[in-house]
Amino acid sequence: MRTATYFFIFLNLSLALFEEPAVYPLPFLTTSVLEVLCLLVFLGRLTHFAKVTLHNVFWKDTKNICIMVAILLSLTDLAIYGVLRLYDVRSIRWSRIVRPIFLINFAESRQIRRAFRSIRNTLPEITYVFLLFMFSLLMFSLMALKLFGERNLQTAEGLPYFRNYLEIVFDLYVLVTTANSPDVMMPAFDFSSWYSLFFIAFVIINTYIFMSLFLAVVYNNYKKHLKVMPGGAC
């Protein structure tokens, strides 16, 4: 039963590759039949688990409640989507986001659930480092707006350069990954080579210091929570 459960969980998650918009599109009837089959298997597995578990214990387990809610939401969304499709009304399958619930909450997924719980417990402790990084990003974006916004600079495509604050935040956020380096700094560099110091300081502080600090905090806290959990020794 464990193998069958894993197989249908994998099949249910894989349907995203074949549902519109899809990488390899299949007819709606095919994907809907496969999804209903998966949901019926999940419901049968849950029913079997209820038969061998005390009534009070079963209904107090939030994992079982999550699975039942996910099945109900998936069936409801599938029915609504099918009816709208009959009337040529375009809609989206919003219930896809609940499919990982089946992977996490079945009893067979104890190790995945332990890892997920460790990530959840780690998030509050890395919030302060993330907020500090975001503060630095917002301050550098404000400085960039003041430095370049009034100089009527343009990008290679002829677009305004660093004149909208939100666009500056996004461009500098991408620069943290160095994905748009050095293109993002070339208009300012062509205007004056001294402006390269701004981007050098930004990369040093945010990419090499904050990202390393963020990674260290995430790793240490995740390892700590993984060790304190039952059966979670590294």
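# Notebook: an all-helix chain

I began at Val218, which comes out as partly exposed at 26% relative accessibility. The model is a predicted one. I placed Val218 in helix 9, residues 196–228. I then asked which residues Val218 touches, leaving out those up to four places away in sequence. The answer is Thr122 and Ile126. I also took a long distance from this residue. From the C-alpha of Val218 to that of Val83 I get 45 Å, with the two positions 135 residues apart along the chain.

**Entry: the fold as a whole**

I counted secondary structure next. The chain has 9 helices and 0 strands. In sequence order the pattern reads α-α-α-α-α-α-α-α-α. The radius of gyration is 25 Å, well over the 17 Å that the globule rule gives for 234 residues, so the chain is more spread out than a compact globule. I looked up the extents too. The C-alpha trace spans about 75 × 55 × 25 Å along its principal axes.

**Entry: burial, contacts, surface**

What share of the 234 residues is buried? I find 34%. For contacts I took those with a separation of 6 or more. Of these, 65% join residues 24 or more positions apart. The accessible surface comes to about 14800 Å². Carbon and sulfur atoms hold 70% of that surface. I checked the charges as well. There are 21 positive and 14 negative ones, and their mean positions lie 17 Å apart.

**Entry: what the record says**

I turned to the UniProt entry, which is unreviewed. UniProt lists a "signal peptide" at residues 1–16. In the model, residues 1–16 are 81% helix and 0% strand. The C-alpha atoms at the two ends of that stretch are 24 Å apart.

The same kind of look-up gave "domain: Ion transport" at residues 6–224, again from an unreviewed UniProt entry. I read residues 6–224 as 71% helix and 0% strand. The end C-alpha atoms of that span lie 29 Å apart.

UniProt also places "transmembrane region" at residues 26–44, 65–84, 126–145, 165–182 and 194–219, in an unreviewed entry. I checked two of these stretches against the model. Residues 65–84 are 100% helix and 0% strand, with end C-alpha atoms 29 Å apart. Residues 194–219 are 92% helix and 0% strand, and there the end C-alpha atoms are 37 Å apart.

**Entry: the loop between helix 7 and helix 8**

I went to the loop between helix 7 (165–176) and helix 8 (186–191), where Pro182 sits. Which residue does a cis peptide bond join to Pro182? Ser181 is the partner, with omega at about 0 degrees. Most peptide bonds are trans. That made this bond worth a note.

Ser181 is in the loop between helix 7 and helix 8. At 35% relative accessibility, Ser181 is partly exposed. I took a distance from Ser181 to Val217. Their C-alpha atoms are 26 Å apart, and 36 residues separate them in sequence.

Asp183 is in the loop between helix 7 and helix 8 as well. Is Asp183 buried or exposed? With a relative accessible area of 61%, Asp183 is exposed. The cut-off for exposed is over 50%. I then took the distance from Asp183 to Ala4, 179 residues away along the chain. Their C-alpha atoms are separated by 51 Å.

**Entry: positive phi outside glycine**

Most residues other than glycine have a negative phi. I looked at two residues that do otherwise.

Asp88 is not a glycine, yet its phi is positive, about 55 degrees. Where is Asp88 found? I located Asp88 in the loop between helix 4 (62–86) and helix 5 (100–105). Its relative accessible area is 72%, and Asp88 is exposed.

Asn152 also has a positive phi, about 55 degrees, without being a glycine. I found Asn152 in the loop between helix 6 (110–148) and helix 7. At 57% relative accessibility, Asn152 counts as exposed.

**Entry: back to the start**

I returned to helix 9, residues 196–228, which holds Val218. Thr122 and Ile126, the residues that Val218 touches beyond its sequence neighbours up to four places away, went into the notes as its contacts.

Notes:
Residues are numbered from 1 along each chain as its sequence is written. This is a predicted model: local features need pLDDT of at least 70, side-chain atom pairs count only at pLDDT 80 or more; totals for chains, interfaces and linings use all residues. Side-chain values use heavy atoms; hydrogens and water are left out. UniProt positions are given in the numbering used here, feature names are shortened, and annotations may be inferred rather than shown by experiment. Helices (H or I, at least four residues) and strands (E, at least two) are DSSP runs, numbered from the N terminus. The radius of gyration is taken over C-alpha atoms; the globule rule is 2.2 Å times the number of residues to the power 0.38. Buried means under 20% relative accessible area, exposed over 50%, partly exposed in between (1.4 Å probe, protein chains only). Contact means heavy atoms within 4.5 Å. Accessible areas come from the Shrake-Rupley method with a 1.4 Å probe; for residues, only the protein chains shown count as cover. Lys and Arg count as positive and Asp and Glu as negative; His and the chain ends are not counted. The place of a charge is taken as NZ of Lys, CZ of Arg, CG of Asp or CD of Glu.
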